[in-house]
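Reader: Please show me the model, and then let us go through its aromatic rings with their geometry and surroundings.

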Amino acid sequence: MFSAKLCCIKGFSSSPLLLLKRALLSLSHGQCTVTNTFEAQCKSKPQKQVCKTVLKHFDAQYSEELGEQWRNARDVLLNPLSWQYGVLLNRFSDLTNLKQCLSDLGYMNLLPQTHPESCSQTTPIPLQCFIHRDPVRIPTQSHHPGWLKQYYLLNAGSLLPVLSLNVKEGERVLDLCAAPGGKSLAVLQTATPGLLQCNEVDQHRHDWLLKTLESYVPPSLRHLLSVTHLDGRSIGKMRPGAYDKVLVDAPCSNDRSWLYTPDTHQGEMWLKERTQLPLLQKELLCSALAAVRPGGVVVYSTCTMSRAENQSVVEAVLASYQGVELLELEPHLIDSLSDHFCFAHFHPSVGQLVIPQKGQTWGPMYVSRLRRIY
Ligand SMILES: C[S@@+](CC[C@H](N)C(=O)[O-])C[C@H]1O[C@@H](n2cnc3c(N)ncnc32)[C@H](O)[C@@H]1O
């Protein structure tokens, strides 16, 4: 069984950073046992180097866009050991002992739970994501043919777009930019859609997506899945009005990984590419709006704090696309997450931005919800 002991990482003693004594779970047939600890490995892991060019650019942009909130976000981004991973449970796998293990380790459920048995066709299936108040880690599970993984580690902020999509039983859903598949999996944790089309344009990431789905989704449900390898910009024209819900988790300037660009030249290249992203994002969002049926909902999300890729994209599309309205995120959702997520202070009508904050899920995650009226 797990040892629930927490330990401090040397070299990070100035902040209350705690890392779980990394336990290797050997999970077979739902049994979890500790076979070793990895404290030494954690300590010896090379620290990532921050790219000064990218940091300078972020400092200028985000202090202007986020004001005081940039200071906290910056501290978290500059310290990867403080990124808190959520543990999304896979309802299709055998979870015997796992919830107890997590609770022994001090994890708690992100969302208030109702009993899965009390779910009906109309009530959503409660998504079970465990989080910890400290930045602790448990290892990822490896792939074993014929065995379903029990959990998926993720930025818990990335559940916000999925919860905002609010998929109902039997709905036809398109995940336009799906790889590696975290949000597709999360959708399947909340409902059984009639169709879940997971699309990814990049060959390597498409293969990764297939593998993820194979590791988490039981064979009995795979007929509900369609995995496509298309440019998302063309799907709206190919399948107009075909879906009830579309998720556009757009390619974006990933604030976390860009900060750790290995060399300055690469950092400069990325910053140049950054200026091209809003065009692609607008095209993907327009394609999603064409693909959803009248009355259907599109959720647009990114993992950047950049206004140009968030609010400005949504505003530009709203200005150019007829018959679309903006929906605010449901207040009860925001309320139930506000203990764990730090929302940016800007006016939320064009979306919500989760910004990184110590002691909370790391973010960033921007989410906006739109409905096609006709
Ligand atoms: C932010 S990632 C998606 C993460 C994924 N939703 C998840 O939760 O695991 C964005 C993805 O969009 C893909 N992408 C980029 N351009 C695209 C396009 N034109 N059509 C479809 N997908 C695209 C990228 O290759 C990348 O895998």
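Reader: Is Y62 buried or exposed in this predicted model?
Author: The model is predicted, with local features needing pLDDT of at least 70 and side-chain atom pairs pLDDT 80 or more, while totals for chains, interfaces and linings use all residues. Residues are numbered from 1 along each chain as its sequence is written, and side-chain values use heavy atoms, leaving out hydrogens and water. Relative accessible area, taken with a 1.4 Å probe on protein chains only, decides the class: under 20% is buried, over 50% exposed, and in between partly exposed. Y62 has a value of 0%, so the residue is buried.

Reader: Which term describes the pair of W258 and W270?
Author: Rings of Phe, Tyr and Trp (its six-membered ring) pair if their centres lie within 6.5 Å, and planes under 30 degrees apart count as stacked, over 60 as edge-to-face and the rest as tilted. For W258 and W270 the centres are 5.2 Å apart and the planes meet at 20°, which makes the pair stacked.

Reader: How many aromatic pairs are found in the whole structure, and why is that of F58 and Y62 tilted?
Author: The search of the whole structure gives 7 aromatic pairs. In the pair of F58 and Y62, the ring centres lie 5.2 Å apart, and the pair is tilted because the planes stand at 55°.

Reader: Which residues form one aromatic cluster with F58?
Author: F58 itself counts as buried, at 0% relative accessibility. The cluster joins F58 with Y62 and W70.
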